[in-house]
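Me: Please take a close look at one part of this model for me, the place where two helices pack together and the salt bridges around it. I am in my first year, so plain wording would help.

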Amino acid sequence: MAERCRWGRAFLATMVSIMSVLRSCLGICLIAPVTANCVPLLADAQASAATAGNGALRRAAELEDRGQFAEAEQIYLAQEEHFPKNAEILFHLGTLRMRQNDWPKAIEYLEKCRALQPRNADVLFYLAQAHYLNGELVEARETILSAARLAPKEAAVLQKAGEYLCEGNDCGPGLDDLLKDRKIEPALENIEMDLGMAYYKL
């Protein structure tokens with residue numbers, strides 16, 4: 001019986017480890033469809049008249065949707081030269097780099113975007129994921145918690161906050177965030193898996 005219990009605990013620990021890896025991989029995979037059509041909700045409505053209705057940005061977004069990342073990036077970079085303080089352009093450059101798994105460059109662009117929009121929860125949400133995927137858990141946690149303070153009822157933000165807290169062995173607050181998250185959006189993808197991992201690690 002004791003041997004069977006030891007085997008059971010080892011099996012559960014292995015499964016939690018595997019699920020953690022899968023969740024990380026899934027996070028990478030989910031970035032692509034989310035960012036493809038993402039228009040940042042710029043809190044201060046900073047988009048200038050110069051870029052409002054900009055046909056080049058629409059063209060770049062279409063290229064992104066078709067997976068033509070290099071061509072889209074060239075358009076965004078050209079626009080950045082004209083409008084270096086435009087947070088929307090920097091946001092697109094950052095999320096485009098995430099779609100190409102270039103986490104350091106994504107962080108660079110999203111940090112510039114955050115400097116212009118420090119209270120933009122959308123920017124912080126993606127920046128936290130870029131830090132996480134770049135292996136920077138401390139920065140990811142700090143950033144996603146800032147986003148959660150700005151958007152306390154945003155299910156996706158709370159879910160990431162709970163995941164990152166639990167991964168850093170701070171599962172008490174992480175579990176609280178995940179439970180709030182499930183209450184806000186019961187059908188949220190992977191929420192039951194996240195809760196199971198959180199309870200296991202408590």
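Reply: Glu73, Arg97 and Asp102 are linked in a network of salt bridges. The model is a predicted one. Within this network, Arg97 pairs with Asp102, and their closest N and O atoms are 2.9 Å apart. Arg97 has a relative accessibility of 19% and therefore counts as buried, the cut-off being under 20%. Asp102 has a relative accessible area of 22%, so Asp102 is partly exposed.

Arg97 also belongs to a helix contact. Helix α4 covers residues 87-99 and helix α5 covers residues 103-116. Two packed helices are described by the angle between their axes and the distance between the axes. For α4 and α5 the angle is about 160 degrees, and the axes lie 8 Å apart. Because angles over 145 degrees count as roughly antiparallel, α4 is roughly antiparallel to α5. The crossing of α4 and α5 is left-handed.

Which residues in α4 and α5 meet? On the α4 side they are Ala87, Leu90, Phe91, Leu93, Gly94, Arg97 and Met98. On the α5 side they are Trp103, Lys105, Ala106, Tyr109, Leu110, Lys112, Cys113 and Leu116. The residues of this contact divide into 11 nonpolar, one polar and three charged. Arg97 of the salt-bridge network is thus listed among the α4 residues of the contact.

Lys112, from the α5 side of the contact, has a salt bridge too. The side chain of Lys112 meets that of Glu108, with 3.9 Å from N to O. Lys112 and Glu108 are four residues apart in helix α5, so about one helical turn separates them. Lys112 counts as partly exposed because its relative accessibility is 37%. Glu108, at 34% relative accessibility, is also counted as partly exposed.

One more salt bridge involves α4. The side chains of Arg99 and Glu64 meet at 3.4 Å, N to O. Arg99 lies in helix α4 and Glu64 in helix α2 (residues 55-65), so this pair ties together parts that are 35 residues apart in sequence. Both Arg99 and Glu64 are buried.

The count for the model comes to 10 salt bridges. Those described here include Arg97 with Asp102, Lys112 with Glu108, and Arg99 with Glu64.

Technical notes. Residues are numbered from 1 along each chain as its sequence is written. This is a predicted model: local features need pLDDT of at least 70, side-chain atom pairs count only at pLDDT 80 or more; totals for chains, interfaces and linings use all residues. Side-chain values use heavy atoms; hydrogens and water are left out. Axes are lines fitted to C-alpha atoms, for helices over the stretch in contact, and angles run from 0 to 180 degrees between N-to-C directions. Helices (H or I, at least four residues) and strands (E, at least two) are DSSP runs, numbered from the N terminus. Angles under 35 degrees count as roughly parallel, over 145 as roughly antiparallel, 65 to 115 as roughly perpendicular and the rest as oblique. A crossing is left-handed if the near helix is turned anticlockwise from the far one by less than a right angle, and right-handed if clockwise. Contact means heavy atoms within 4.5 Å. Ala, Val, Leu, Ile, Met, Phe, Trp, Tyr, Cys and Pro count as nonpolar, Asp, Glu, Lys and Arg as charged, and the others, Gly among them, as polar. A salt bridge is a side-chain nitrogen of Lys or Arg within 4 Å of a carboxyl oxygen of Asp or Glu. Buried means under 20% relative accessible area, exposed over 50%, partly exposed in between (1.4 Å probe, protein chains only).
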